[in-house]
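User: Please take a close look at the interior of this structure. I am new to it, so explain each term as you go.

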Amino acid sequence: MRRPRLLTTNSLLHLLIATIATAHSSRLHEQLVSANQMLTPASSCTMTTIGTQRVIEANGIPTHPVGAFPNRRNPHTIREQRYYFRIPSQPDIADQPTPLIRQPFGIALNGVLFDPGTAEYYQRDRNSKWNYEALSGQISLGLDENHAHVQPNGAYHYHGLPTALFNERSGDNEQMTLLGWAADGFPIYGLFGYKDPYNASSGVSKLKSSYRVKQGKRGSTHRAPGGKYDGTFTIDYEYVQGLGDLDECGGRFGVTPEFTSGTYYYVLTDDYPFIPRMFRGIPDPSFERRRGRGNRRSQTDVPPDRRPKL
């Protein structure tokens with residue numbers, strides 16, 4: 001894999017970042033690395049509908065400025081990837097939601113993965129349930145202003161709203177903005193939805209999730225951190241039906257600019273879960289992590305004559 005070369009540019013994202021930061025802790029906002037560098041080679045991402053499938057090939061390089069990587073809290077260099085994913089172009093609702101477990105939730109229109117989980121656990125015990133939440137502000141993971149950083153294999157990926165991509169796609173307007181596709185095939189939008197989900201003329205509002213921090217204390221054992229629930233860990237949150245605009249999967253039914261007859265769609269929010277942690281449909285196996293050389297995702301499933309040449 002080639003290491004992308006960096007070019008310095010000015011960032012125009014500070015207003016949106018400051019707005020989003022009001023929903024995060026001030027500590028997290030202070031930790032974000034300025035996104036003021038462009039990568040070369042350029043982003044490469046194709047999405048083609050073939051029969052009942054949407055086929056996605058990408059190199060994982062974003063179209064927008066990124067932070068400096070490696071940095072003090074993230075020691076990895078961004079590298080081109082070889083992504084090949086398949087999702088249904090006409091997805092179905094599953095009988096039961098599927099939790100997101102150690103795999104990407106989906107892929108952005110620029111070919112960068114939505115991958116909200118972390119590899120950090122209390123006392124470094126990966127078998128425990130105490131998984132640190134990336135955007136809690138309680139741990140510093142070297143995230144840049146796009147709420148993204150880099151995995152050991154060089155994959156740049158989003159843990160929250162991709163601020164610059166949202167700016168690009170929305171034109172700085174408050175509107176329904178398609179940002180990508182989930183692994184189950186349903187579309188992913190950013191922040192805003194119609195006030196009346198089935199009326200495109202009803203205006204837009206910022207949609208809220210239906211999760212909140214639990215009340216009380218975690219309990220204290222040799223395998224539990226103790227203290228009050230405060231959002232440090234993913235398990236600190238609970239779903240309360242009707243609390244916000246979205247269901248437990250971080251989505252809802254309604255019309256969108258791209259689906260005027262209606263669809264189920266996900267929404268990236270500026271409060272937990274930021275990126276959804278459950279699928280309403282059935283995620284395609286091509287998004288499952290596989291071990292092997294280079295990119296660990298789905299590359300072994302790609303016929304040699306179909307693999308991107310990077």
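Analyst: **Empty space and the strands**

By class, 6 nonpolar, 3 polar and no charged residues line the largest cavity. Nonpolar covers Ala, Val, Leu, Ile, Met, Phe, Trp, Tyr, Cys and Pro; charged covers Asp, Glu, Lys and Arg; the others, including Gly, are polar. The model is predicted: local features need pLDDT of at least 70, side-chain atom pairs need 80 or more, and totals for chains, interfaces and linings use all residues. Numbering starts from 1 along each chain as its sequence is written, and side-chain values use heavy atoms, without hydrogens or water.

A cavity is a set of points, on a 1 Å grid over the protein atoms alone, where a 1.4 Å probe fits but cannot get out. A pocket is an open set with protein on both sides within 12 Å along at least five of seven lines, and lining residues have an atom within 4 Å of a point. Points join across faces, edges and corners; volume is the space filled by probe spheres set on them.

The count is 1 cavity of 30 Å³ or more. The largest cavity holds about 30 Å³. Its lining is L28, Q31, L32, A134, I139, S140, L141, G142 and L143.

Next, the open space. The largest pocket has a volume of about 1100 Å³. It has 41 lining residues; R102, G117, T118, A119 and N131 lie nearest its centre. Two elements give two or more residues to this lining: β9 (148–150) and β16 (237–239). Strands are DSSP E runs of at least two residues, numbered from the N terminus. The largest share, 3 residues, comes from β16. By class, the pocket lining has 17 nonpolar, 12 polar and 12 charged residues.

Strand β9 also leads to the sheet. Here 8 strands form an open, mixed sheet in the order β9-β10-β8-β7-β11-β12-β18-β17. Two strands pair if DSSP finds at least two bridges between them. The edge strands, β9 and β17 (251–254), each pair on one side only.

Look at β18 within that order. Strands β12 (187–190) and β18 (263–268) pair in the parallel sense over 3 bridges. Y189 stands opposite V267. Strands β17 and β18 run antiparallel, joined by 4 bridges. G251 has Y266 as its bridge partner.

Why is β18 largely enclosed by the rest of the structure? Because 6 of its 6 residues are buried (under 20% relative accessible area; exposed is over 50%, partly exposed in between; 1.4 Å probe, protein chains only). T263, Y265 and V267 cover one side, with Y264, Y266 and L268 on the other.
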